[in-house]
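Let's walk through a model together, one feature at a time. Ask away, and we'll go from the general idea to the case at hand.

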Amino acid sequence: VSDNNEQAILQVNTSVSGSRAMISETSLPDKSSLGVTLVENKDDATNYDGLTAGYFNIEYKANGNKPAQTWTATNKPIYLSATNGKAVAYYPYNADENDYKSLTISASNQVDYMYSGWVKPISNSNPEATFEMQHAMTGIRVRLKKGTYTAAGVVKEIRLASSAFGTQGKLNAATGKITDVTVGEVNTYMM
């Protein structure tokens, strides 16, 4: 905790909400990376403390596993002043992303995309952000049971077909809303 004139470095913690997704643990794996954005608490776009470059898509990397997991900024840390801010995170980190409101997601690469929503207020007197990561997409698990079948069985592929199956879109890490969804007819997963 700092007084009003001192800077503090943003401390990051995470937890993962439970669901039936690709990451079923309550924490992200060791060496995972998050993208973190910090803006002033008054709106969703004002650069924190009026900084020209701002704190947008700052990479934080996990070291270790829960309960001893720590997160460290890989390049420039986020410095906090007495100004109240709010932070948002997404997983997995992508250096090419530049807008937390429009993160590219795709079902074809089988990634468990996650978002945090806003964590606020953040300042030098409250420098810890605990991001409760939410799953943006649903995982589909197929279980085949042999039953009384006695011959050898081989599954070569599984096809999912639906005119409502989204194949890609844009994720807002603050709200979890997915927009600009591209709908695909058939997706094939080879075994």
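**Reading the strands, cores and odd backbone spots**

Q: Which residues sit on the covered face of strand 5, and which on the uncovered one?
A: Strand 5 (residues 70–73) has Trp71 and Ala73 on its covered face, while Thr70 and Thr72 make up the uncovered one. Keep in mind that this is a predicted model.

Q: Then how far should I trust it? What is the average pLDDT of the protein chain?
A: The chain averages 86, and 87% of the residues score at least 70. Confidence is highest in strand 7, at 97, and lowest in strand 13 (residues 178–190), at a mean of 71.

Q: How many helices and strands are there in the protein chain?
A: Zero helices and 13 strands. Buried residues account for 39% of the 191 residues in the chain.

Q: Back to strand 5, then. In which sense do strand 4 and strand 5 pair?
A: Antiparallel, over four bridges. To see the register, look at Lys61, which stands opposite Thr72 in strand 5. The two strands form a hairpin with six residues between them, and Gly64 in that turn has a positive phi of about 85°.

Q: And strand 11? Which of its residues are on the covered face?
A: Read strand 11 (residues 128–135) in the same way. Ala129, Phe131, Met133 and His135 are on the covered face, with Glu128, Thr130, Glu132 and Gln134 on the uncovered one. Strand 2 (residues 11–16) pairs with strand 11 in the parallel sense over six bridges, and Val12 stands opposite Ala129. Strand 9 (residues 114–115) runs antiparallel to strand 11, joined to it by two bridges. There, Met114 has His135 as its bridge partner.

Q: Let's go inside. Which residues of the largest nonpolar core touch the most other members?
A: Leu10, Leu34, Tyr60, Ile78 and Phe131, out of the 25 residues in that core. Strands 2, 3, 4, 5, 7, 10 (119–122) and 11 each supply at least two residues of this core, and strand 4 gives the most, with four. Apart from it lies another core, of 11 residues, with Val88, Tyr90, Ile105 and Tyr113 among them.

Q: What about nonpolar residues on the outside? Which residues make a nonpolar surface patch?
A: Ile140, Val142, Leu144 and Val155 make one of about 370 Å². Take Leu144, in the loop between strand 11 and strand 12 (157–171): Leu144 counts as exposed because its relative accessible area is 60%, and the cut-off for exposed is over 50%.

Q: Now charges. How do I read a salt bridge?
A: The general idea is that side chains of opposite charge can pair when their charged atoms come close. This structure holds four salt bridges. In one of them, Lys86 pairs with Asp44, the closest N and O atoms being 2.7 Å apart. That pair links distant parts of the chain: Lys86 is in strand 7 (residues 85–91), and Asp44 is in the loop between strand 3 (33–40) and strand 4 (55–63), 42 residues apart.

Q: Are the two partners buried or exposed, or something in between?
A: Lys86 is buried, at 5% relative accessible area, whereas Asp44 is partly exposed, at 35%. Another salt bridge joins Lys42 to Glu40, with the closest N and O atoms 3.6 Å apart. Here Lys42 is exposed, at 62%, and Glu40 is buried, at 13%.

Q: Which salt bridge does Asp30 form?
A: Asp30 pairs with Lys31, and their closest N and O atoms are 3.9 Å apart. Asp30 counts as partly exposed, since its relative accessibility is 33%.

Q: Last one: what should I look for in the backbone?
A: Most residues other than glycine have a negative phi, and most peptide bonds are trans, so exceptions are worth a look. Lys31, in the loop between strand 2 and strand 3, has a positive phi of about 75° although it is not a glycine. Asp49 has a positive phi too, of about 60°, and is found in the loop between strand 3 and strand 4.

Q: Where are cis peptide bonds found?
A: One runs from Tyr91 to Pro92, with omega near -5°, and Pro92 is in the loop between strand 7 and strand 8 (103–106). Another runs from Lys120 to Pro121, with omega near -10°, and Pro121 lies in strand 10.

Methods. Residues numbered from 1 in each chain as written. Predicted model: local features only at pLDDT ≥ 70, side-chain atom pairs only at ≥ 80, totals over all residues. Heavy atoms only, no water. Salt bridge = Lys/Arg side-chain N within 4 Å of Asp/Glu carboxyl O. Buried < 20%, exposed > 50% of the residue type's maximum accessible area, 1.4 Å probe, protein only. pLDDT = per-residue confidence, 0-100. Pairing = 2+ DSSP bridges. Core = buried A, V, L, I, M, F, W, Y, C linked by side-chain atoms within 4.5 Å. Patch = residues over 30% accessible without salt bridge, like charges linked within 9 Å, V, L, I, M, F, W, Y side chains within 5 Å. Areas by Shrake-Rupley, 256 points an atom, 1.4 Å probe, with all protein chains shown as cover.
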